Amino acid sequence: MLNLLLKPWIASCQETGNRISDYLDGELEGRNLTRVRRHLARCDRCRAMLDSLQRTLEHLRSLGSPEQVAPEPATVSAVLSRIQRDER
């Protein structure tokens with residue numbers, strides 16, 4: 001009975017899963033945002049999904065980061081030499 005009363009105010013796991021990407025992108029507003037936030041406050045499983053997705057996105061973003069260190073010239077030279085040797 002309590003679930004029926006809360007339904008208009010709290011999103012379900014399915015609804016939260018469907019909206020989680022929009023939530024992360026800051027694209028949810030108004031009632032939809034409130035419903036998802038309330039659900040995440042109560043649901044460990046959906047919060048874990050959110051945390052996992054956030055970590056994955058952060059990792060993917062870091063792969064293309066300009067902060068990556070270029071390889072040492074000696075390493076580049078050694079790799080190119082090896083490729084040329086293997087082509088013969």
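User: Is arginine 35 buried or exposed?
Analyst: This is a predicted model, where local features need pLDDT of at least 70, side-chain atom pairs count only at pLDDT 80 or more, and totals for chains, interfaces and linings use all residues. Residues are numbered from 1 along each chain as its sequence is written, and side-chain values use heavy atoms, leaving out hydrogens and water. Buried means under 20% relative accessible area, exposed over 50%, partly exposed in between (1.4 Å probe, protein chains only). Arginine 35 has a relative accessible area of 11%, so the residue is buried.

User: Which arginine forms a salt bridge with glutamate 15 across 20 residues of sequence?
Analyst: A salt bridge is a side-chain nitrogen of Lys or Arg within 4 Å of a carboxyl oxygen of Asp or Glu. Glutamate 15 is itself buried, at 14% relative accessible area. Its closest N and O atoms with arginine 35 are 2.3 Å apart. Glutamate 15 lies in helix α2 and its partner in helix α3, so the pair ties together parts 20 residues apart in sequence: the partner is arginine 35.

User: Which residue in helix α2 lies 4 residues from glutamate 15?
Analyst: Helices are DSSP runs (H or I, at least four residues) and strands are E runs of at least two, numbered from the N terminus. Glutamate 15 forms a salt bridge with a partner at 3.1 Å between the closest N and O atoms. That partner, arginine 19, is partly exposed at 26% relative accessible area. The two sit about one turn of the helix apart, and the residue is arginine 19.

User: What separates aspartate 44 and arginine 47 in helix α4?
Analyst: Their side chains meet in a salt bridge of 2.2 Å, N to O. Aspartate 44 counts as exposed at 55%, and arginine 47 as partly exposed at 29%. They are 3 residues apart in the helix, so the separation is about one helical turn.

User: Which residues do salt bridges that share partners join into one network?
Analyst: The count comes to 3 salt bridges. Glutamate 15 pairs with arginine 19, and glutamate 15 also pairs with arginine 35. The network joins Glu15, Arg19 and Arg35.

User: How far apart are the end C-alpha atoms of helix α3?
Analyst: The expected span is 1.5 Å times one less than the number of residues. For the 13 residues of α3 (residues 30–42) that gives 18 Å. The model agrees, with the end C-alpha atoms at 19 Å.

User: Within what arc do the buried residues of α3 fall?
Analyst: Leu33, Arg35, Val36, His39 and Leu40 are the buried ones. The face turned away from them carries exposed Arg31, Arg37, Ala41 and Arg42. The arc is that of the directions from the helix axis to the C-beta atoms. The buried residues line one face of α3, because they fall within an arc of 165°.

User: Which element gives the largest share of the largest nonpolar core?
Analyst: A nonpolar core is a set of buried Ala, Val, Leu, Ile, Met, Phe, Trp, Tyr and Cys residues joined through side-chain atoms within 4.5 Å. The largest has 9 residues, including Ala11, Ile20 and Leu50. Two or more residues come from each of α3 and α4. The largest share, 3 residues, comes from α3.

User: Which residues does threonine 16 touch, not counting those up to four places away in sequence?
Analyst: Threonine 16 is in helix α2 (residues 13–24) and is buried, at 0% relative accessible area. Contact means heavy atoms within 4.5 Å. Those touched are Ala11, Val36, His39, Leu40 and Cys46.
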